[in-house]
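Here is a quick walk through one chain, from the backbone oddities to the cores and the charged pairs. Have the structure open as you read.

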Amino acid sequence: MKKFFALLLSVSALMTLAACGGDTSGSSSQSQDPQSSVSSQQQGDASQTEVDVMSYGEYMAAPLDSEVVIQAYVQAKQSWWENQATVYAQDQDGAYFLYNMACSEEDYQLLTPGTCIRVSGYKAEWSGEVEIIDATFEIVEGNTFLAEPLDVTSMLGSEDLIDYQNQFVNFKGLTVEAAGKDDAGNDVAFLYNWDGSGTEGDDLYFNVSYEGQTYTFTVESYLCDSTTEVYSAVKALEIGQTIDAQGFLYWYEGVNPHITSVTVVE
């Protein structure tokens, strides 16, 4: 649903300045004029003296709609569209969802997993998902970091789970439940789109249960399209199977992970 609104908003998108610093240990959208002679990296240099880079704790404590500057490492790229990139980023303390960040197509190719970036934008919230919007960025050479998945299975259903929002996580021992019904009225293990209105290539939605509670997981097609292993794996799921899953702890009216890997256990 959100990416539908993103396409509508992209026409009127705005652009701000950006900046990212290295770590040795390791809603409206905006567009960027592709003809601009000033790159997002150069813009970041100009803004470094204006706002200090925040720690993850400072970022989380900042009020919504306030300007934020963070440093983090690219973990995955969800999409690029009209000089805007949506990126999952993380450092050793927490994670960030960078939504429609100003980015040329050439710079998008440089955002490989582990790359450190300094990002300047505004803290926002979309149906529970905390994110950074109207952002620009600077690539910081040197250090790289790839997060190991954190097992949050035991926190499903708890108030503590949201504290790990957007992090790369694991879920283990989940039971596949019915996601809906097909045209013949039979239970099915997944749906194209949240309401079953889609077709091959759209997002996949599937339900899993843990300790008596059911949760909806998603294969976000911009992140993992129909050619990926996880897309095929979810289409092959059967109700009642036990699975392990891995992905990013996205939030939409509650926990709604964007899954990047599924393994059938039994």
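## Two odd backbone angles

Asp134 is buried, at 11% relative accessibility. Its place is in strand 5, which covers residues 129-144. What makes Asp134 worth a look is phi: the value is near 50°, so a positive one, in a residue other than glycine. Keep in mind that this is a predicted model.

Asn100 tells a similar kind of story. Asn100 isn't a glycine, yet its phi is positive, at about 50°. You'll find Asn100 in strand 3, and with a relative accessibility of 7% it counts as buried.

## The chain as a whole

Stepping back, the secondary structure comes to 5 helices and 14 strands. The chain has 266 residues, and buried ones make up 52% of them. Its accessible surface comes to about 12,200 Å², with 49% of that belonging to carbon and sulfur atoms.

## Two nonpolar cores

Which residues have the most contacts inside the largest nonpolar core? They are Phe206, Phe217, Val234 and Val262, in a core of 41 residues. Plenty of elements chip in: strand 3, strand 4 (115-126), strand 7 (168-177), strand 11, strand 12, helix 5, strand 13 (242-248) and strand 14 (258-264) each supply at least two residues. Strand 7 gives the largest share of this core, with 5 residues.

There's also a second core, separate from that one, with 24 residues. Among its members are Ile70, Leu111, Val130 and Ile139.

## Tyr96, tucked away in strand 3

Back to strand 3 (residues 95-102), where Tyr96 is found. Is Tyr96 buried or exposed? Its relative accessibility is 0%, so Tyr96 counts as buried.

Setting aside residues up to four places away in sequence, Tyr96 touches a good list of others, including Ser55, Tyr56, Tyr59, Ile70, Val87, Ile132 and Asn166. Ile70 turns up here again, having been named as part of the second core. Take Tyr59 from the contact list: 37 residues separate Tyr96 and Tyr59 in sequence, while their C-alpha atoms are 9.6 Å apart in space. Asp91 is another residue that Tyr96 touches, and here the two side chains make a polar contact of 3.1 Å.

## The strand 11 and strand 12 hairpin

Strand 11 and strand 12 (residues 213-219) run antiparallel, joined by 7 bridges. If you want a register check, Asn207 has Thr216 in strand 12 as its bridge partner. The hairpin leaves 2 residues between the strands, and in it Glu211 takes a positive phi near 50°.

Ser209 is found in strand 11 as well. Its relative accessible area is 9%, so Ser209 is buried. Which residues does Ser209 contact, leaving aside neighbours within four places in sequence? They are Leu174, Thr175, Glu177 and Thr214. With Glu177 there is a side-chain to side-chain polar contact of 2.5 Å.

## Charged pairs

Side chains of opposite charge can pair when their charged atoms come close. How many salt bridges does this model have? The count comes to 2.

One of them pairs Lys181 with Asp187, where the closest N and O atoms are 2.7 Å apart. Lys181 is exposed, with a relative accessible area of 54%, whereas Asp187, at 47%, is partly exposed. The cut-off for exposed is over 50%, so the two partners land in separate classes.

The other salt bridge joins Glu200 and Lys235, with 2.8 Å between the closest N and O atoms. This pair links distant parts of the chain, 35 residues apart. Glu200 sits in the loop between strand 10 (191-192) and strand 11 (204-210), while Lys235 is in helix 5 (residues 229-235). Both partners count as partly exposed: Glu200 has a relative accessible area of 43%, and Lys235 has a relative accessibility of 33%.

Key:
Residues numbered from 1 in each chain as written. Predicted model: local features only at pLDDT ≥ 70, side-chain atom pairs only at ≥ 80, totals over all residues. Heavy atoms only, no water. Salt bridge = Lys/Arg side-chain N within 4 Å of Asp/Glu carboxyl O. Buried < 20%, exposed > 50% of the residue type's maximum accessible area, 1.4 Å probe, protein only. Helix = DSSP H or I, 4+ residues; strand = E, 2+ residues; numbered from the N terminus. Contact = heavy atoms within 4.5 Å. Polar contact = N/O pair within 3.5 Å; in protein donor to acceptor, adjacent residues only side chain to side chain. Pairing = 2+ DSSP bridges. Areas by Shrake-Rupley, 256 points an atom, 1.4 Å probe, with all protein chains shown as cover. Core = buried A, V, L, I, M, F, W, Y, C linked by side-chain atoms within 4.5 Å.
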